[in-house]
Each structure stands twice: as C-alpha cells, then as structure tokens.
Amino acid sequence: MVKKERFKKDAFFSKMSRLGLALSYDDVRLKTGHSEVEPAAVNLLTKFSRQVSLNNPIVSSPMDTVTESDMAIEMAKLGGLGIIHRALPPKEQSQAVAKVKFYLNGLIKKPICINQDEKVGDVLKTREEKGYKFHTFPVLDVHGKFVGLVTQNDFEFCINQNLKVGDIMSADLKCENDGTSVKEAFDIMRKNKKKVLPLLDQEKKLVGMYVFSDVKRIMTGSSAQYNIDANGNLRVGAAVGVGEEALERVELLVKKNIDVFVIDTAHGDSERVIKTLKKIKKLYPHIDVVVGNVSEGHSAKRLVDAGADGVKVGQGPGSICTTRIIAGIGHPQVSAVYECSKAIRGSGVPVCADGGIKYSGDITIAIGAGADSVMLGNMLAGTKETPGDIVMVQGVPYKNYRGMGSLGAMEKSKASRDRYLQTGSGKDKLVPEGVEGIVPFKGPVSHIIDQNLGGLRSGMGYVGAANIKELQLKADFHHISGAGLSESHPHGVIITKEAPNYKT
Ligand code: XMP
C-alpha cells in the first residue's frame, strides 16, 4: 500500500480557509524546524513539467522585456529554464529557440559527411573554402551508408592527396544506436577511448555524432549544472497562445526541438485554452505542455484532467499586473499556490508559481506552499541578458520592464492582445491589465540567480529540508500581522550600504 504523504501545512491552510483568509507572500513566514541540513548541501533538483527537469527551480517569464535567446541561454546554463515570449512573430520565436538549442554542440544531428570516392586533396580544398574548423568527417558509400571516419590524424599522415578518402579512413569504429543520450555517450567514449561516436540507425545510416571534447565540456566542470536535454543541448521553452496561431507556432517550434510549450494566457481555465491543449497533445504527445494561468484548485484540476504536463499559477500577483484592480478578480498568491498544488497532488504534474516574487525568501515560501518551480519577471528584469537597451535617467542606468497586458505591449503585438482576449477591440479601445516602467540596470543575471538560490538554500536549512520535496512536506507557516512584517524588514536604521539581495 502506498503511504499517503503528510503535508505539515495542511492544518494551517485549512484554518485560514475556515477564517475566510487567503494569503500572500507578505502575510506569512515559514516556521523553523530542527535541522541537520547544511544550506550548501541541499539538493535543488526539481521539475517544470512532467519530463522537463530543472537543476534549480527558477524559470524566466515569457515577457518581451525578460526572455529572448540571451536570457534563455543563461538561465539554462545556470540550471534553470527560460521561456521565450510570444510577442515575437512565430518565425523569429522559433529562431530564438534554435539559437538556444545550438549553443552547445551536444549531439550533432546533421554532421558534414564526405564520400569514400572523393580525393583527399578535394576534401581539404572544400574544407578551406567553406571555412570548416573541424577535421573529423563521417564517410559514406554511394548508397549513403556510413562506412568510416577520417580525422585530423588521417589527413596528417596522408602524403598523397590523390588517394581516395576510402583509402585513408578508419573503419574500425565504435558506433552506437540512435537515441544514445549524451551521458551514455560520455561513458561509452571514455571506456573505449574514442574521440568520436557515430550513431547509426538499423540500415547503417548515420543519424548523429558525438565529439568527445564537446561531450566532456557538457558533462564535467562548470557545465555540470547546465540544464540539458538527452542530446546534450540546452533546454528551452516557448510561450504559445490559443487556436490556429498557436498551432502554427507549435509546428515551427517542434522543428527546432523545443522542450516544452507554455500555453500562456491570463485565464487558463477557459474553453479555448483546453481545446488548444488537447490539440497540441494529440499532435505531439511526446512534448510537454505547461498551461496557465490559474489560481483556483478546481481550475488546476481541470487542466490536469485535460492533459496538462505542468500548471502555472498566478492571476494578478505580478509586479506590473493590474488585472486584480481592473477586473476585480484574483486569489492572493500563497493561498493560490497551495490550493492548486493540493488539488492535483498525486498526479505527478508540477506547479509553477508565477509572479509576485520580490525577495529570495518568497521563493522558499512558494515552494513550501506547494510549488515545484517559480517564474520570475521583475527580479530578472533589468539584467544584461534581457532584451532592450539601457536607458539613462539622471545619470543612472535603467532598463524597461512592462506587463504583457500593458498598453505598449498590446499595441505592439497581437499575441499580447490575445493574452487578454482583446482581439476584437480597435487599438484606441484597448483595456490594459498591466503597466509599463523601468527598473535599475542589474548587471549579469547570474548574480541575481546566485543570490536567490543562496536565500532559498538558507531557508531550506532553517526548515530542515534537504531537497525540494522535503520543503513541500515539512513547510509550516505563521500568519503574520503588519507589525510582524515591519519587524521582518530592517527598521530603526538608515541603510548606508546596499546589500546585494535586499532593496526596499
Ligand atoms: P513579476 O512579479 O515577477 O510577475 O514581475 C511576472 C508575471 O506577471 C504576469 N504578467 C502580467 N499579469 N498583466 C497581468 O495581470 C500584465 O500585463 C502582465 N504581464 C505579465 C506573468 O504571469 C509574468 O510571468
């Protein structure tokens, strides 16, 4: 019999619910517990969706002032994930995804091949003309079957350039089947001391190739934290909307080996979203689809029942959102995350807490309340990797940050109007649900991620949670008053030196 997991926080939230209280980040703090956990030793491995894991729980938001390819590359290199926004036209969005996917040379899917009857001199001439930096070429016979490899050594030891490639190639090779992962390739190449590993299908046709120097870089040293797919390429997600336009995007993104789609809407529990989800899952059952946003438990459950591989929670908590004020709806974020994750417990579908995170402690709280990952907009806005230029205001550097439902974003892109169901209105009749602004320039995003993960690790140490699952199980909360909140922030002092992780 499977033992039912006991979540410490259940009693707290059911009491709050009896009192008719829904809570947000500033309403709660986590209780400390007896701990044997060293913050530096906690394991931050988690999931964004059923199949897409993360080495840390931070995901960058699909906003036009936050995530394009530079941010997505950096996020995946730091172990998290970036979701490319959908205000980009479909082709540009898929090109941004391709940039992330080609950033590392994991599996080379279409290696440049040569024919066994070509002359060595001709191959070297072509190499020179085309500016290829590499010397390793798979060799094919006239039927396109793989027959051998030529490497730098073969070229160097060849003194007669009139010889054919077939005369100098090495045919005694270690080959593997299609589907060999980068990790398996690393082990096989080390064991067999092979610098190149061709992958063949059943008809001996070449379907890919690993090169040891690339594979080693991906699997060891500073690259070990990279968030990579089975082929050793960086992981990346892309936002799509609903209906035909979404399917057009999806088709282009699949060709670029996208890892996860995010159906990114202001109201995830709507018929058009569910229909689009079902269509995508029918066409591409092997690719994960995260769906959002929702903020009620029954909505999360409906999305999971419809086939969602991840649920994004947050309606109106974002720093640039005005949805709650303009439309009057919403659910304070900590309670929303709790209710949604509770409603889908046991389904294996992860929850992403999206919006409203101001400090690293909020990440610990979001995960404690039930999230598996968090999505950040404001905290990452203003970093070097965000789209857009630095703007100087009275000598101080800033970058733009705006809501996807702001007037500027909706005027610029149809996708942003769609997100807020404003397709029909003329531009002068747009009803924004977000604002436009600037945030200080913050330098490289890695500094922000390091500080946030440091804060999360520290929080896990206080709770006594060695990993994300333990944090979800052991977290329990205090409901704090306004006095509790002002006690929590620095008080009675004029701050003379800014801390890297704290701003008022
Ligand atoms: P933070 O707090 O990190 O929130 O800045 C980012 C999240 O806010 C959502 N988002 C919006 N919500 N109107 C809204 O109501 C908007 O214009 C808007 N733009 C973004 C989105 O979920 C994002 O990840």
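**Exercise 1. Locate Lys9 and describe its surroundings.**

Solution. Lys9 sits in the segment before helix H1 (10-18). Helices here are DSSP runs of H or I with at least four residues, strands are runs of E with at least two, and both are numbered from the N terminus. The model is predicted: local features need pLDDT of at least 70, side-chain atom pairs count only at pLDDT 80 or more, and totals for chains, interfaces and linings use all residues. Residues are numbered from 1 along each chain as its sequence is written, and side-chain values use heavy atoms, with hydrogens and water left out.

Next, the burial. Lys9 is buried yet has no salt bridge. Buried means under 20% relative accessible area, exposed over 50%, and partly exposed in between (1.4 Å probe, protein chains only). A salt bridge is a side-chain nitrogen of Lys or Arg within 4 Å of a carboxyl oxygen of Asp or Glu. The nearest side chain of opposite charge, Asp10, is 6.2 Å away. For charges, Lys and Arg count as positive and Asp and Glu as negative; His and the chain ends are not counted.

Last, the neighbours. Leaving out residues up to four places away in sequence, Lys9 touches Tyr338, Arg345, Gly368, Ala369, Gly370, Gln472, Ala475, Asp476 and Phe477. Contact means heavy atoms within 4.5 Å.

**Exercise 2. Tyr338 belongs to the buried residues of H13; state how many residues of this helix are buried.**

Solution. Helix H13 covers residues 333-343. Of its 11 residues, 8 are buried, so the helix is largely enclosed by the rest of the structure. Tyr338 is one of the buried residues, which also include Gln333, Val334 and Cys340.

**Exercise 3. Find the distance between Ser14 and Lys205.**

Solution. Start with Ser14, which lies in helix H1. Ser14 is partly exposed, at 35% relative accessibility. Lys205 is 191 residues from Ser14 in sequence. In space the pair is 60 Å apart, C-alpha to C-alpha.

**Exercise 4. Check the backbone at Asn293, Lys204 and Gln394.**

Solution. Asn293 is in strand S14 (residues 288-294). The peptide bond from Gly292 to Asn293 is cis, with omega near -5 degrees.

Lys204 is in the loop between strand S10 (196-200) and strand S11 (206-211). Its phi is near 65 degrees, a positive value in a residue other than glycine. Lys204 is partly exposed, with a relative accessible area of 47%.

Gln394 is in the loop between strand S18 (391-393) and strand S19 (396-402). Its phi is positive too, about 50 degrees, although Gln394 is not a glycine. Gln394 is exposed, with a relative accessible area of 82%.

**Exercise 5. Is Ser61 buried or exposed?**

Solution. Ser61 lies in the loop between strand S4 (58-60) and helix H2 (69-77). At 7% relative accessibility, Ser61 is buried. Beyond residues up to four places away in sequence, Ser61 touches Val66, Thr67, Ile83, Met375, Leu376 and Gly377.

**Exercise 6. Describe the chain as a whole.**

Solution. Count the elements: 19 helices and 21 strands. The radius of gyration is 26 Å, close to the 23 Å of the globule rule for 504 residues, so the chain is as compact as a globular protein of that length. The radius is taken over C-alpha atoms, and the rule is 2.2 Å times the number of residues to the power 0.38.

Now the spans: about 85 × 60 × 60 Å along the principal axes of the C-alpha trace. Buried residues make up 51% of the 504.
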